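This briefing goes through one protein chain by topic. Please keep the sequence and the coordinates open while reading.

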Amino acid sequence: QVQLVESGGGSVQAGGSLRLSCAASGSILSIYFMGWYRRAPGKSRELVAAITSTGSTNYPDSVKGRFTISRDNAKNTVYLQMSSLKPEDTAVYYCKMGLIGPDQFEYDYWGQGTQVTVSS
């Protein structure tokens, strides 16, 4: 069984910064995908950052230049550094990992979600 535990959410004023963390624990052979998604009230879930095992990153235009995703493979942890935050960044943020289990099968796991609130 694998668990993803997120931390680092909170409230901040516009222009501020926050750093989210998501650590995976359990039986893991390798993690090939790490990403952060968010769901704002009344909106569908959207990808805000992704990073592959080789370090390739992907961001939507809405956060490009403001958000940075990084990973620590030794700790099975992914981070999201968010800067120049805007009120429209307010949402519940979820981490997702695609990994290979000891049975050689691929699995997707999600974190529990952490609230980020940006006030104007």
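**Disulfide and overall picture**

A search of the whole structure turns up one disulfide. The bond joins Cys22 to Cys95, with an S to S distance of 2.0 Å. The two cysteines link distant parts of the chain: Cys22 sits in strand β3 (residues 18-26) and Cys95 in strand β9 (residues 91-100), 73 residues apart. The model is predicted, and the chain has eleven strands and zero helices.

**Geometry and burial of the disulfide**

- The link of Cys22 and Cys95 is right-handed, with 45° about the S-S bond.
- Cys22 has a relative accessible area of 0% and is therefore buried, since the cut-off for buried is under 20%.
- Cys95 also counts as buried, because its relative accessibility is 0%.

**Chain as a whole**

- Read from the N terminus, the elements run β-β-β-β-β-β-β-β-β-β-β.
- For 120 residues, a compact globule would have a radius of gyration near 14 Å, and the chain agrees with that at 14 Å.
- The C-alpha trace spans about 50 × 25 × 25 Å along its principal axes.
- Of the 120 residues in the chain, 42% are buried.
- Taking contacts between residues at least 6 apart in sequence, 55% join residues at least 24 apart.

**Surface and charge**

- The chain exposes about 6200 Å², and carbon and sulfur atoms supply 47% of that area.
- The chain carries 11 positive and 9 negative charges, and the mean positions of the two sets are 5 Å apart.

**Lys96, in the strand of Cys95**

- Strand β9 holds Lys96 as well as Cys95.
- Is Lys96 buried or exposed? Lys96 is buried, because its relative accessible area is 16% and the limit for buried is under 20%.
- Leaving out residues up to four places away in sequence, Lys96 touches Leu4, Phe33, Met34, Gly35, Tyr37, Asp108, Tyr109 and Trp110.
- Among these partners, Phe33, Met34, Gly35 and Tyr37 fall within the range of β4 (30-39).
- Asp108, Tyr109 and Trp110 fall within the range of β10 (106-110), and Leu4 falls within that of β1 (2-7).

**Leu47 and Lys43, around the start of β5**

- Leu47 lies in strand β5 (residues 46-52).
- With 27% relative accessibility, Leu47 counts as partly exposed.
- Beyond residues up to four places away in sequence, Leu47 touches Trp36, Tyr37, Asn58 and Pro60.
- Tyr37 is thus a contact of Leu47 and also a contact of Lys96.
- Leu47 and Tyr93 are 46 residues apart along the chain, and their C-alpha atoms are separated by 9.6 Å.
- Lys43 belongs to the loop between β4 (30-39) and β5.
- Lys43 counts as exposed because its relative accessibility is 58%, and the cut-off for exposed is over 50%.
- From Lys43 to Ala91 the C-alpha distance is 9.5 Å, with their positions 48 residues apart in sequence counted as separation.

**Gly9, in the loop between β1 and β2**

- Gly9 is found in the loop between β1 (2-7) and β2 (10-13).
- Its relative accessibility is 33%, so Gly9 counts as partly exposed.
- The contacts of Gly9, not counting residues up to four places away in sequence, are Leu20, Thr114, Gln115 and Val116.
- Leu20 falls within the range of strand β3, which holds Cys22.
- The C-alpha atoms of Gly9 and Val92 are separated by 8.7 Å, although the two residues are 83 residues apart along the chain.

**Positive phi outside glycine**

- Where does Ser84 lie? Ser84 is in the loop between β8 (77-82) and β9.
- Phi of Ser84 is near 50°, a positive value in a residue other than glycine.
- Ser84 counts as partly exposed, at 40% relative accessibility.
- Gln104 has its place in the loop between β9 and β10 (106-110).
- Phi of Gln104 is near 75°, which is again positive in a residue other than glycine.
- Gln104 is exposed, with a relative accessible area of 58%.

Notes
Residues are numbered from 1 along each chain as its sequence is written. This is a predicted model: local features need pLDDT of at least 70, side-chain atom pairs count only at pLDDT 80 or more; totals for chains, interfaces and linings use all residues. Side-chain values use heavy atoms; hydrogens and water are left out. Helices (H or I, at least four residues) and strands (E, at least two) are DSSP runs, numbered from the N terminus. The radius of gyration is taken over C-alpha atoms; the globule rule is 2.2 Å times the number of residues to the power 0.38. Buried means under 20% relative accessible area, exposed over 50%, partly exposed in between (1.4 Å probe, protein chains only). Contact means heavy atoms within 4.5 Å. Accessible areas come from the Shrake-Rupley method with a 1.4 Å probe; for residues, only the protein chains shown count as cover. Lys and Arg count as positive and Asp and Glu as negative; His and the chain ends are not counted. The place of a charge is taken as NZ of Lys, CZ of Arg, CG of Asp or CD of Glu. A disulfide is a pair of cysteine sulfur atoms within 2.5 Å.
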